[in-house]
Amino acid sequence: MAKDPGRVLIFDTTLRDGEQSPGASLNLDEKLAIAQQLARLGVDVIEAGFPFASPGDFDAVQRIASNVGSADGPIICGLARATKGDIKACADAVAPAARRRIHTFLATSDIHLEHKLRKSRAEVLAIVPEMVAYARSFVEDVEFSCEDAGRSDPEFMYEVIEAAISAGASTINIPDTVGYSTPGEFGALIDGINRHVPNIQDAVISVHGHNDLGLAVANFLEAVKYGARQLECTINGIGERAGNASLEELVMALHVRRSYYNPFLGREVTSQEPITAIRTEEIYKTSRLVSNLTGMAVQPNKAIVGANAFAHESGIHQDGVLKNRLTYEIIDARTIGLTDNRISLGKLSGRSAVRARLEELGYTLQGDDLDDAFARFKELADRKREITDRDLEAIVSDHTQQLEAYYQLLGVQVSCGTNLQPTATVTLSSIDGEQRTVASIGTGPVDAVCQALNQLVQVPNELVEFSVKSVTEGIDAMGEVTIRLRHEGRLYSGHAADTDVVVAAAQAFVNALNRLVNGLQHQPLHPQQAPLPVL
Ligand code: KIV
Ligand code: ZN
């Protein structure tokens, strides 16, 4: 049986696989804020990125390693293809962390070998131990993944795994890369590995999986029954295509149903010992932070963190819940950090109250950043009586998107109404100090604003999503706008909030354009789609 750490380890890949979600790219400050919150959440490992992808990705992993990778903090891990260049970059990036890991991978399925790697099984069997040993020359802790394990020939995979462990890998990850497996098959795969890999007792078995058939969480839970002790997952389940297994669903399933899972971990059915080290009260906050910073909205009916997950609309349910919560609720909302007795801030709240509340929400701001956020808070408090957590989140996530921005929106003015041609005048400044104003007409005020911005920026793009929702209830609520632009097949998202939805739309469009321009300048390499360089 594989090495047993005594509980189920949570390996968070929001900042690597999650960031591979179309349009979800994050800037350095945003990544750092998420990493800090993941540490508060209590994840065991943070996969902070793919350092070889670009200098920006390298810097982000290195910054996270220095700021979050303390001796009592999570292990900081970087991804590397099975090649020396990737592994060296990864080793350098994670070096500042007290506990560091290199995660290297190579595909083992015939379809990947033939069409992507153009390598024989014998070649793969030679590369894997060589690259694992190379990674071990930098760090003690090496993880090896058999990419597309779900469609690999198990007999061949057993040989690859044995070679990886012999070369020093202490975690073996089994990814269902294309989300093809069913729970029965996935559990059997883990069982087979445990029974047929002779040195499996020297490594922890990890699982990784995508949600193409909506089965990722179910597959992982089955894998736990057969000895998997590390789960690779993301906040809100974001990730490539249909996403990854969702951290909150896995953790809460193992928590709520621990009497069912306990025996598979060799514990008494009634044991109250937590199965993971996650501080569940941090779950909701983390979900909000990731959703705000990535611009990836959480569907209302999403398990655990969706807006409706704890709402009881139907009269019958409400009656039952009022009499006894257990009639229709299996989780107390407070377990994931949802409380209904929040103190709202207002016009008279001071800087330290705002800072403290922001810290509770996962945003640690200092110096100019705090000054800017506080100024925006005051501005909003003049227009809105009560400032809620949602308002604060909107203020700060807007602000973090504008850090490192190429363009700044300096002003927007529109005229529109009955029998008027909607017209927008927009002023933009660029990083090199140039300031320009143009006016444009459109089919409506938002269209006029976008036309004006496109004239200023001159980068062809297609608007593929424009959505507006109110941040809170009430007529004075801020409107939150999310925009997605497509340029040469890639998506770039931007979001912003303001009590004036046209201003929010203009800012969201500028935020998306900034990501687009940034993407053009630093096109990061995709770890799984880029060809493997010659060793
Ligand atoms: O889905 C996958 O196979 C991956 C690997 C790089 C672990 O993300
Ligand atoms: Zn993946």
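A polar contact is a pair of N or O atoms within 3.5 Å. That cut-off serves the first stops of this tour, which is made through a predicted model.

**Ligand 1 and its polar partners**

Select ligand 1 together with the side chain of His208. An oxygen atom of ligand 1 lies 3.1 Å from an N or O atom in that side chain. Add Asp17 to the selection: an N or O atom of the Asp17 side chain is 3.0 Å from an oxygen atom of ligand 1. Then display Gln528, where a polar side-chain atom is found 3.4 Å from an oxygen atom of the ligand. Of the 260 Å² of accessible area that ligand 1 has on its own, the protein covers 100%.

**The shell**

Next, extend the selection to the residues that surround ligand 1. In addition to Asp17, His208 and Gln528, these include Arg16, His103, Phe105, Ser145 and Glu147. Asn173, Pro175, Thr177 and His210 also belong to the surroundings of the ligand. Colouring the shell by residue class gives 7 polar, 3 charged and 2 nonpolar residues.

With a cavity surface displayed, the space taken by ligand 1 appears as the largest cavity. Turn now to the secondary structure: the elements that contribute two or more residues to the shell around ligand 1 are β4 (100-107), β5 (141-147) and β6 (171-176).

**Asp148, after β5**

From the shell, proceed to Asp148, in the loop between β5 and α6 (154-166). Is this residue buried or exposed? Asp148 is buried, because its relative accessible area is 0%, and buried means under 20%. Inspect the backbone of Asp148 as well: phi is near 60°, a positive value in a residue other than glycine.

**The loop between β8 and α9**

Select next the loop between β8 (230-233) and α9 (247-256), which holds Asn236. Phi of Asn236 is near 60°, again a positive value in a residue other than glycine. Asn236 has a relative accessible area of 12% and is therefore buried.

Ala242 is also found in the loop between β8 and α9. Which class of exposure applies to Ala242? Ala242 is partly exposed, because its relative accessible area is 42%, which falls between the limits of 20% for buried and 50% for exposed.

As a last step, draw a C-alpha to C-alpha distance from Ala242 to Lys225. The two residues are 25 Å apart in space and 17 residues apart in sequence.

Note on methods:
Residues are numbered from 1 along each chain as its sequence is written. Chains are lettered from A and ligands numbered from 1 in the order in which they are written. This is a predicted model: local features need pLDDT of at least 70, side-chain atom pairs count only at pLDDT 80 or more; totals for chains, interfaces and linings use all residues. Side-chain values use heavy atoms; hydrogens and water are left out. A residue is near a molecule or strand if one of its heavy atoms lies within 4 Å of it. A polar contact is a pair of N or O atoms within 3.5 Å; within protein, one must be able to donate a hydrogen and the other to accept it, and residues adjacent in sequence count only if both atoms are side-chain atoms. Accessible areas come from the Shrake-Rupley method with a 1.4 Å probe; for residues, only the protein chains shown count as cover. On a 1 Å grid over the protein atoms alone, a cavity is a set of points where a 1.4 Å probe fits but cannot get out, and a pocket is an open set with protein on both sides within 12 Å along at least five of seven lines; lining residues have an atom within 4 Å of a point. A molecule sits in a cavity or pocket if more than half of its atoms lie within 2 Å of its grid points. Helices (H or I, at least four residues) and strands (E, at least two) are DSSP runs, numbered from the N terminus. Ala, Val, Leu, Ile, Met, Phe, Trp, Tyr, Cys and Pro count as nonpolar, Asp, Glu, Lys and Arg as charged, and the others, Gly among them, as polar. Buried means under 20% relative accessible area, exposed over 50%, partly exposed in between (1.4 Å probe, protein chains only).
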